[in-house]
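Work through the exercises below with the sequence and the 3D view side by side. Try each task before you read its solution.

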Amino acid sequence: MSVSRGWTLRETLIVTVIGAVFAVLYLGWVQVWLIAQAAFGPLTMDVVMGFWFVASMVAAAIIRKPGAAFAAEVLAAAVQVLLGSPAGLLLVVSGIVQGAGAEAVFAATRWRNYSLPVLMAAGVGAAIFSYIYTWIRFDYGALQPTLLVAMFVLRTLSGALLGGWLAHIIVQALYKTGALAGLAIDVEKRSAAA
């Protein structure tokens, strides 16, 4: 299927809803992270980080157009700020970085492949971009090399599993409900089955 660059009103609304829904889920996930961090220590952030990338993969897999992953992640961050996230406007920068990391992977496939491996790779892309951003923001260069490697490995695994794999599960469940009828994912699945 060739990639159509133009967006319909329905696609725009779906990405907006995905961003808003995941903004609420992301705020709730902060509580999970804080409890886990109290129990297991600072590496917990890297273990749970992938969930904060999932909106981008869900939107991309459903809409299948350039910019869907980026837009969903930035919208999720912006809605979190509007809902009063203590992270403030820097959260939007995080959304931009994470969305760009996921979008880069879809761009590498020319927005033509939304298979499970590509979704997981997009989660890794978001994790890598996020890691570079947090390295700069929090001066990771001062940390021990073994800790840096552990943080990187855990974050990329989390991106693949809590980002890409979870997005795949969510999208497949939504598809089975029939709610995605007529969207790019539906058109591609029907073409493949024909």
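**Exercise 1. Decide whether Arg 64 is buried or exposed, then find its charged partner.**

Step 1. Apply the cut-offs: buried means under 20% relative accessible area, exposed over 50%, and partly exposed in between (1.4 Å probe, protein chains only). Arg 64 has 11% relative accessibility, so it counts as buried.

Step 2. Look for a salt bridge, that is, a side-chain nitrogen of Lys or Arg within 4 Å of a carboxyl oxygen of Asp or Glu. Arg 64 forms one with Glu 188, and the closest N and O atoms are 2.7 Å apart.

Step 3. Place both ends. Helices are DSSP runs (H or I, at least four residues), strands are runs of E (at least two), and both are numbered from the N terminus. Arg 64 lies in the loop between α3 and α4, while Glu 188 is in helix α8 (residues 184-193). The pair links distant parts of the chain, 124 residues apart.

A note on the model: it is predicted, so local features need pLDDT of at least 70 and side-chain atom pairs count only at pLDDT 80 or more, while totals for chains, interfaces and linings use all residues. Residues are numbered from 1 along each chain as its sequence is written, and side-chain values use heavy atoms, leaving out hydrogens and water.

**Exercise 2. Count the salt bridges and describe two others.**

Step 1. The rule from Exercise 1 gives four salt bridges. Side chains of opposite charge can pair when their charged atoms come close.

Step 2. Take Glu 11 and Lys 65. Their closest N and O atoms are 2.8 Å apart. Glu 11 belongs to helix α1, Lys 65 to the loop between α3 and α4, and 54 residues separate them. Glu 11 is buried at 6% relative accessibility. Lys 65 is buried too, at 8%.

Step 3. Take Asp 186 and Arg 190. Here the closest N and O atoms are 3.0 Å apart. Both residues lie in helix α8, four residues apart, about one turn of the helix. Asp 186 is buried, at 5%. Arg 190 is exposed, at 55%.

**Exercise 3. Find which helix gives the most to the largest nonpolar core.**

Step 1. Define the core: buried Ala, Val, Leu, Ile, Met, Phe, Trp, Tyr and Cys residues joined through side-chain atoms within 4.5 Å. The largest such core has 40 residues. Those with the most contacts inside it are Ile 18, Tyr 26, Met 57, Val 58, Ile 62 and Phe 106.

Step 2. List the suppliers. α1 (9-40), α3 (54-63), α4 (68-82), α5 (90-108), α6 (116-138) and α7 (145-177) each supply at least two residues. α3 gives the most, with nine residues.

Step 3. Zoom in on Ile 62. A contact means heavy atoms within 4.5 Å. Leaving aside neighbours within four places in sequence, Ile 62 is in contact with residues including Ile 14, Ile 18, Val 171 and Leu 174. Leu 180, Leu 183, Ala 184 and Ile 185 are also among its contacts.

**Exercise 4. Compare Ser 130 with Val 149: which is buried and which is exposed?**

Step 1. Ser 130 sits in helix α6. Its relative accessible area is 3%, so Ser 130 is buried. Beyond residues up to four places away in sequence, Ser 130 touches Met 49, Phe 53, Val 97, Gln 98 and Arg 155.

Step 2. Val 149 sits in helix α7. At 52% relative accessibility, Val 149 counts as exposed.

**Exercise 5. Locate two residues other than glycine with positive phi.**

Step 1. Trp 111 has phi near 55°. Trp 111 lies in the loop between α5 and α6 and is buried at 17% relative accessibility.

Step 2. Asp 139 has phi of about 55°. Asp 139 lies in the loop between α6 and α7.

**Exercise 6. Summarise the whole chain: how many helices and strands are there?**

Step 1. The protein chain has eight helices and zero strands.

Step 2. Check the box. The C-alpha atoms fill roughly 55 × 35 × 25 Å along the principal axes.

Step 3. Check burial. Buried residues make up 43% of the 194 residues.

Step 4. Check the contacts between residues at least 6 apart in sequence. Of these, 73% join residues at least 24 apart.
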